[in-house]
Amino acid sequence: MFLLCRVRGYCYVCLFCLRLSFCWAGLAEETVYLTWQGNPTTSMTVQWITPPRERQSRVVYRARQETGDWLDRAGEERPFPQAAPYLIHRVTLDHLQPNTLYTFKVVPYEKEYQFLTAPSELEGELHFVVGGDMYHDAPSFMARTCQAAAKTNPLFAVIGGD
C-alpha cells in the first residue's frame with residue numbers, strides 16, 4: 001500500500017494505527033489516510049474510518065495556491081472487515097496536476113490536510129520508506145518511528161502488515 005500525506009509542512013509517512021484509533025474521540029479525523037490506486041502523478045485516494053451512523057463520503061479539495069471555490073467529490077463507504085462496527089470511506093481524486101500540493105477536507109469536518117502529487121519526471125533521487133507492524137505497546141513508539149521516517153523527506157511510504 002502506498003501512502004503520501006503532507007500536513008502543515010510535515011510529511012506523514014505512516015498509517016494511523018487503526019486498532020488504537022478506535023479508542024479516540026473524533027474517529028474520522030484521526031484515521032484519514034491516503035493511498036495511490038492509479039497514477040500517482042494525477043490521482044490520490046482519500047480514506048477514513050467512522051462509526052456506522054456517519055454515512056457521508058465526501059471530500060472537498062483544491063490546489064494549495066488556489067483561493068477560490070473548493071472542488072467537491074463524492075465517494076463510497078463499506079463496512080469495516082471482520083464485522084467491526086465501523087465504515088471505511090473512500091474518495092478518489094483524479095485529473096490532478098503532477099508535483100502539486102493539494103489541500104483537502106473530509107466533509108463535514110473542518111480540519112485541513114495536504115498531499116503532494118508525485119512529479120511526472122524525477123529530477124534527482126527518489127526517497128521512500130518501507131515499514132510495517134509498527135504498533136508496539138504504546139502510541140509513543142509508533143510516533144517516534146513516524147517522526148524519524150518523516151525526517152528523510154520521502155515521496156511515499158510502503159506499509160505492510162497491520
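These legends walk through several close-up views of one predicted model.

**View 1. The whole chain, before we zoom in.** This predicted protein chain has 3 helices and 13 strands. Of its 162 residues, 43% are buried. Look at contacts between residues with a separation of 6 or more, and you'll find that 61% of them join residues 24 or more positions apart. On the outside, the chain exposes about 9,200 Å², and carbon and sulfur atoms supply 53% of that area.

**View 2. How confident is the prediction?** The mean pLDDT of the chain is 79, and 78% of the residues reach 70 or more. Residues 1–25 are where to be careful, as the pLDDT over this stretch is below 50. The model still gives the stretch 81 contacts beyond near neighbours in sequence.

**View 3. Inside the largest nonpolar core.** This core has 21 residues, and the ones that touch the most other members are Val 46, Leu 93, Phe 104 and Phe 115. Which elements give two or more residues to the core? They are strand 5 (44–50), strand 6, strand 9, strand 10 and strand 11. Zoom in on Phe 104 and leave aside its neighbours within four places in sequence: its contacts include Val 32, Leu 34, Val 46, Val 59, Trp 70 and Phe 115. Charged residues turn up on the contact list of Phe 104 too, among them Lys 111 and Glu 112. Apart from this big group there is another core, of 5 residues, including Tyr 33, Ile 49, Tyr 86 and Ile 88.

**View 4. Arg 58 meets Asp 72.** Side chains of opposite charge can pair when their charged atoms come close. The structure holds 6 salt bridges, and one of them joins Arg 58 to Asp 72, with the closest N and O atoms 2.7 Å apart. Arg 58 sits in strand 6 (residues 58–63) and Asp 72 in strand 7 (residues 71–74), so this pair ties together parts that are 14 residues apart in sequence. Are the two partners buried or partly exposed? Arg 58 is partly exposed, at 26% relative accessibility, and Asp 72 is partly exposed as well, at 45%.

**View 5. Asp 94 meets Arg 73.** Here's another salt bridge, with the closest N and O atoms of Asp 94 and Arg 73 lying 2.9 Å apart. Asp 94 is in the loop between strand 9 (87–93) and strand 10, while Arg 73 is in strand 7, so the pair ties together parts that are 21 residues apart in sequence. Asp 94 is partly exposed, at 29% relative accessibility. Arg 73 counts as partly exposed too, with a relative accessible area of 23%.

**View 6. Arg 64 meets Glu 112.** In this salt bridge, the closest N and O atoms are 3.9 Å apart. The partners come from distant parts of the chain, 48 residues apart. Arg 64 is in the loop between strand 6 and strand 7, and Glu 112 is in the loop between strand 10 (101–106) and strand 11 (113–116). Arg 64 is partly exposed at 43% relative accessibility, and Glu 112 is partly exposed at 30%. You've met Glu 112 before: it is also in contact with Phe 104.

**View 7. Backbone oddities in two loops.** Start in the loop between strand 10 and strand 11, where you'll find Pro 108. The peptide bond from Val 107 to Pro 108 is cis, with omega near 15°. Now hop to the loop between strand 9 and strand 10, the place of His 95. His 95 has a positive phi of about 60°, although it isn't a glycine, and at 71% relative accessibility it counts as exposed. Asn 99 is in the loop between strand 9 and strand 10 as well. Its phi is also positive, at about 50°, and again Asn 99 is not a glycine.

**View 8. A nonpolar patch on the surface.** Leu 122, Leu 126, Phe 128 and Val 130 make up this patch, with about 390 Å² of accessible area together. Val 130 lies in strand 12 (residues 128–132) and is exposed, with a relative accessible area of 63%.

**View 9. Leu 155 and its partner in space.** Leu 155 is in the loop between helix 3 (139–150) and strand 13 (156–160). Is Leu 155 buried or exposed? At 14% relative accessibility, Leu 155 counts as buried. Leu 155 and His 127 are 28 residues apart in sequence, yet their C-alpha atoms are 5.7 Å apart in space.

Terms used. Residues are numbered from 1 along each chain as its sequence is written. This is a predicted model: local features need pLDDT of at least 70, side-chain atom pairs count only at pLDDT 80 or more; totals for chains, interfaces and linings use all residues. Side-chain values use heavy atoms; hydrogens and water are left out. A salt bridge is a side-chain nitrogen of Lys or Arg within 4 Å of a carboxyl oxygen of Asp or Glu. Helices (H or I, at least four residues) and strands (E, at least two) are DSSP runs, numbered from the N terminus. Buried means under 20% relative accessible area, exposed over 50%, partly exposed in between (1.4 Å probe, protein chains only). Contact means heavy atoms within 4.5 Å. Accessible areas come from the Shrake-Rupley method with a 1.4 Å probe; for residues, only the protein chains shown count as cover. Patches are made of residues with over 30% relative accessible area and no salt bridge: like charges are joined within 9 Å, nonpolar side chains (Val, Leu, Ile, Met, Phe, Trp, Tyr) within 5 Å. pLDDT is the predictor's confidence in each residue, from 0 to 100. A nonpolar core is a set of buried Ala, Val, Leu, Ile, Met, Phe, Trp, Tyr and Cys residues joined through side-chain atoms within 4.5 Å.
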